[in-house]
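Thanks for coming. I have one structure to go through today, so please have the sequence and the model open.

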Amino acid sequence: MVSTWLNGLVSGTVFVPAVYFAGGQNAGGSKVATVDKFECSGDSRTTLGTGLSAANRGLAGAANSGVAMYFAGGLAPGIVATVDKFLFSDDSRSTLGTGLSAAVYIAAGAANSGTAAYFAGGASGPVATVNKFAFSDDSRTTLGTGLSAATQGLGGAANSGTAAYFAGGSAGGEVATVDKFAFSDDGRTTLGTGLSAARNYPAGAANSGTAAYFAGGYLSGQVATVDKFAFSDDSRTTLGTGLSAARQYLAGAANSGTAAYFGGGYEPSVVATVDKFAFSDDSRTTLGTGLSAATFALAGAADSGTL
């Protein structure tokens with residue numbers, strides 16, 4: 001991130017990290033194509049002039065920080081394999097010629113920034129499939145080893161350069177499982193310590209190099225829990241301060257090195273709330289300006305500069 005800032009000084013521009021929340025379903029029951037952008041310097045919100053290629057709920061997000069973000073799958077209105085790509089340089093959108101290997105929704109995304117995005121699990125099914133999109137040319141491969149079980153409604157986060165983590169969801173019932181995929185060889189292990197409780201529809205975000213956070217979800221009702229996994233040893237703690245309200249179907253994104261943002265969701269009404277957790281002490285604040293409209297089943301991604 002420092003290198004991004006220095007490059008900006010040389011070029012005459014100043015880099016401002018940003019988190020994005022895309023798609024979802026509003027309180028009126030309509031799917032939306034909206035993409036909201038929060039500049040992390042002041043947490044101000046704008047809404048992109050160009051949204052998703054179609055109104056979509058249940059999609060997944062991942063980002064090549066400093067370059068582009070990707071939103072994959074969803075219901076638009078049927079289950080789709082579409083992958084939309086937004087360049088961070090101008091927030092323009094294109095749609096990849098090659099989408100997911102099969103149409104899914106309520107999958108999860110995570111990325112090895114500079115190398116590839118991974119989209120795991122989802123319905124219809126559920127499925128255990130993990131699709132990998134190389135950032136060099138946006139080509140897709142499917143990992144020979146998928147999730148440890150066919151799972152939908154899971155959350156994703158990544159320690160860029162090291163591993164992706166996919167947590168929770170439903171595999172015939174809510175699960176606490178956390179699968180880890182090493183970027184060196186795409187090999188999968190399953191953490192000995194999973195989430196603090198089984199839950200469906202959590203959201204993930206990560207402070208790359210330090211820890212992953214999985215927030216909210218559903219287990220016999222919405223929960224406000226935020227679990228934190230230290231990348232040094234994959235140990236789990238649960239934050240003393242959770243979300244500002246229990247909710248499911250929310251989305252996560254992070255300004256790596258600074259804060260995680262969890263936006264939207266269902267609690268049980270649809271909300272526009274964006275909670276922010278400072279990585280310095282895991283304290284929570286709630287942004288004064290939330291999403292442009294109350295939305296659930298949306299996706300998040302972020303531009304933190306060079307990771």
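Before the pocket, a word on residue classes: Ala, Val, Leu, Ile, Met, Phe, Trp, Tyr, Cys and Pro count as nonpolar, Asp, Glu, Lys and Arg count as charged, and the others, Gly among them, count as polar. Please also keep in mind that this is a predicted model.

With those classes, the lining of the largest pocket divides into 6 nonpolar, 4 polar and 3 charged residues. The space in this pocket comes to about 240 Å³. There are 13 lining residues, and the closest to the pocket centre are Phe15, Val16, Phe88, Ser89 and Asp303. Strand 1, residues 18–22, and strand 3 each supply at least two residues of that lining.

Next, the salt bridges. How many does a search of the whole structure find? The count is 8, and I will go through three of them.

The first I picked is Lys276 with Asp43, where the closest N and O atoms are 2.9 Å apart. Lys276 sits in strand 23, residues 274–278, while Asp43 is in the loop between strand 3 (35–39) and strand 4 (44–47), so this pair ties together parts that are 233 residues apart in sequence. Are these two residues buried or exposed? The cut-off for buried is under 20% relative accessible area. Lys276 has 17% relative accessibility and therefore counts as buried. Asp43, at 14%, counts as buried too.

Another pair is Asp138 with Lys85, whose side chains meet in a salt bridge at 2.9 Å, N to O. Asp138 belongs to the loop between strand 11 (130–134) and strand 12 (140–142), and Lys85 to strand 7 (83–87), so parts 53 residues apart in sequence are tied together. Asp138 is buried at 14% relative accessibility, and Lys85 is buried at 15%.

The last pair I will show is Asp282 with Lys228, a salt bridge of 2.9 Å from N to O. Here Asp282 lies in the loop between strand 23 and strand 24 (284–286), and Lys228 lies in strand 19 (226–230), so the parts being tied are 54 residues apart in sequence. Asp282 has a relative accessible area of 14% and is buried; Lys228, at 19%, is buried as well.

Let me stay with Asp138 and look at its surroundings. In the hairpin of strand 11 and strand 12, which has 5 residues between the strands, Asp138 takes a positive phi near 65 degrees. The two strands of that hairpin run antiparallel and are joined by 3 bridges, and Phe133 stands opposite Arg140 in strand 12. Strand 11 also pairs with strand 10, residues 116–120, in the antiparallel sense over 5 bridges. There, Ala120 has Val130 of strand 11 as its bridge partner. Strand 11 is mostly covered, with 4 of its 5 residues buried.

Now back to the strand that holds Lys228. Strand 19 is part of an open sheet of 4 strands with the order 17-18-19-20 and antiparallel pairing. Which strands stand at the edges? They are strand 17 (203–207) and strand 20 (236–238), each with a single partner strand, so one side of each has no neighbour in the sheet. On average, neighbouring strands of this sheet are turned by 20 degrees against each other, direction ignored. Strand 19 and strand 20 pair over 3 bridges in the antiparallel sense, and Asp227 stands opposite Thr238 in strand 20.

That is what I wanted to show. Questions are welcome.

Notes: Residues numbered from 1 in each chain as written. Predicted model: local features only at pLDDT ≥ 70, side-chain atom pairs only at ≥ 80, totals over all residues. Heavy atoms only, no water. Salt bridge = Lys/Arg side-chain N within 4 Å of Asp/Glu carboxyl O. Buried < 20%, exposed > 50% of the residue type's maximum accessible area, 1.4 Å probe, protein only. 1 Å grid on protein atoms, 1.4 Å probe; cavity = no way out; pocket = protein on both sides within 12 Å on 5 of 7 lines; lining within 4 Å. Points joined across faces, edges and corners; volume = space filled by probe spheres on them. Pairing = 2+ DSSP bridges. Axes fitted to C-alpha atoms, helices over the stretch in contact; angles between N-to-C directions.
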